[in-house]
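Biologist: Hi! I'm new to this one, could you walk me through it?
Modeller: Happy to, let me put it on the screen.

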Amino acid sequence: MIETKSQPGEQGRFGAYGGRYAPETLMHPLEELEQAYFAARSDPAFQAEFDYLLKNYVGRPSPLYYAKRLSESLGGASSGSMPGTKIYLKREDLLHTGAHKINNCVGQALLARRMGKRRIIAETGAGQHGVATATVCALFGFTCRVYMGEEDMARQRLNVFRMKLLGAEVIPVTAGQRTLKEAISEAMRDWVTNVEDTYYLLGSALGSHPYPLMVRDFQSVIGKEAREQILAAEGRLPDQLIACVGGGSNAIGLFHAFRDDANVKMIGVEAGGRGTGLGEHAARFSGGTPGVLQGTFTYLLQDNNGQIVNTHSVSAGLDYAAVGPEHAMLHDSGRAEYTSCNDSDALDACQRLMLLEGILPALESSHAIAEVIKRAPKARNEIIIVNLSGRGDKDIEILQRELKL
Ligand SMILES: *Cc1c(COP(=O)(O)O)cnc(C)c1O
């Protein structure tokens with residue numbers, strides 16, 4: 001089932017954030033998309049097909065795995081009569097194509113088909129969203145074009161080839177920093193030109209309304225399952241939820257089902273990169289201020305003149321100057337807490353999870369693992385759920401270069 005509670009207000013705002021800051025030519029397509037999505041969302045046949053594909057094609061529900069050795073290594077788990085702090089991993093890495101991105105792609109592909117569009121365009125950073133988009137395009141028989149920054153193409157070569165194998169056309173973007181921001185701009189340019197037959201399949205809880213809402217709805221299956229699974233395993237709700245935040249879709253997907261559970265802490269982890277100076281990280285909440293980028297009002301990394309600054313992260317999927325607008329609201333209200341983890345802690349966390357649990361996390365997800373490594377030793381008999389948003393196979397070359405084994 002698609003989650004429908006907690007709507008954004010008028011014009012798709014989450015508190016002061018979100019909205020629709022789009023060029024004139026995209027206003028009508030965005031309204032059309034909103035109408036089509038609201039109609040689909042209340043159509044039981046749409047919901048049923050979404051659920052069917054999540055179960056039989058994507059491989060849901062994903063397991064909620066108790067990481068016993070990781071928990072014990074952090075001073076948790078049973079000592080004497082106390083149960084100790086327990087860490088659970090929500091295994092989105094086990095899904096088809098290796099990350100949570102596929103949940104959203106299946107939902108939007110169903111919507112595109114319903115709207116009669118057969119040409120799909122998308123942007124991608126790490127390539128995971130591009131792979132997931134190319135996958136659903138093969139599944140539905142759509143043509144697929146993916147825009148990707150040249151820098152990201154170089155560091156995620158494996159995913160570029162996977163997209164090509166799936167029949168997608170991958171267009172290198174050479175502007176600016178040659179990463180995700182420029183890829184989104186190119187995809188928007190394509191959409192403006194080909195709006196009649198083209199569906200823009202945006203990959204995170206970003207952009208103009210209705211994308212942040214729609215992507216959250218499709219990803220909220222993560223938290224809905226996790227809530228049921230932890231109640232079945234432990235008979236109570238968790239104390240903390242931890243997820244990495246790029247655009248924010250895996251985090252909001254986990255958080256959403258727990259929003260009304262005031263005792264469940266929600267922690268988002270941004271990319272701390274290689275330093276705290278502007279340009280060295282992608283920590284929007286510690287280094288950014290509100291502004292408009294690519295269709296939405298949210299926290300951004302910008303200089304004093306409002307120019308977007310460069311970002312850096314070892315993980316391409318977290319390397320973006322803006323954050324999803326719903327996170328901006330959760331940040332200001334204090335309902336969620338945001339922190340950051342630097343490149344080297346993420347790399348250590350990745351290696352640690354390999355050695356203790358035999359699980360290779362994506363470098364994005366390794367940021368969330370690094371945060372639980374910091375927090376678990378201070379927690380007393382808590383239950384912590386970490387979203388393992390994806391698997392690290394795509395990052396092997398980077399790991400080979402960064403870790404001297
Ligand atoms: C894309 C990606 C992310 C970051 O995107 P969100 O929208 O913030 O979830 C995180 N983890 C993995 C594995 C990814 O592929």
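Modeller: Keep in mind that this is a predicted model. Let's start at the ligand: one of its oxygen atoms is 3.0 Å from an N or O atom in the side chain of H100.
Biologist: Nice. How far is a ligand oxygen from an N or O atom in the side chain of S249?
Modeller: That distance is 2.7 Å. For the side chain of N250, an N or O atom is likewise found 2.7 Å from an oxygen atom of the ligand.
Biologist: And how much of the ligand does the protein bury?
Modeller: The protein buries 97% of the 380 Å² that the ligand exposes when taken alone.
Biologist: Which residues around the ligand come nearest?
Modeller: There are 16 residues around the ligand, and the nearest are K101, S204, G246, S249 and S389.
Biologist: Switching to the sheet, what is its strand order?
Modeller: The order is 7-6-5-8, in an open sheet of four strands with parallel pairing.
Biologist: Which strands stand at the edges?
Modeller: Strand 7 (169-173) and strand 8 (198-200) do; each has a single partner strand, so one side of each lacks a neighbour in the sheet. On average, neighbouring strands here are turned by 25° against each other, direction ignored.
Biologist: How many bridges join strand 5 and strand 8?
Modeller: Three bridges, in the parallel sense, with strand 5 covering residues 119-124. One detail to look for: I120 has Y199 of strand 8 as its bridge partner.
Biologist: What lies across strand 5 and strand 6?
Modeller: Helix 5 (residues 128-140) does, and its direction is at about 165° to strand 5. Strand 6 itself spans 143-149.
Biologist: Okay, helices now. At what angle do helix 1 and helix 8 pack?
Modeller: About 80°, and their axes are 10 Å apart. Angles from 65 to 115 degrees count as roughly perpendicular, so that word fits helix 1 and helix 8.
Biologist: Which residues make that contact?
Modeller: From helix 1 there are T25, L26, P29 and L30, and from helix 8 there are M188, W191 and V192.
Biologist: Last topic, the backbone. Where should I look for a cis peptide bond?
Modeller: Try the bond from R60 to P61, which is cis with omega near 0°. P61 sits in the loop between helix 2 (44-58) and strand 3 (64-66). The bond from H209 to P210 is also cis, with omega near 15°, and P210 is in the loop between strand 8 and helix 9 (211-219).
Biologist: And what is the phi of R178?
Modeller: Positive, about 60°, although R178 is not a glycine. You'll find R178 in the loop between strand 7 and helix 8.

Notes: Residues numbered from 1 in each chain as written. Predicted model: local features only at pLDDT ≥ 70, side-chain atom pairs only at ≥ 80, totals over all residues. Heavy atoms only, no water. Pairing = 2+ DSSP bridges. Helix = DSSP H or I, 4+ residues; strand = E, 2+ residues; numbered from the N terminus. Axes fitted to C-alpha atoms, helices over the stretch in contact; angles between N-to-C directions. Contact = heavy atoms within 4.5 Å. Near = heavy atom within 4 Å. Polar contact = N/O pair within 3.5 Å; in protein donor to acceptor, adjacent residues only side chain to side chain. Areas by Shrake-Rupley, 256 points an atom, 1.4 Å probe, with all protein chains shown as cover. Parallel < 35°, antiparallel > 145°, perpendicular 65-115°, else oblique.
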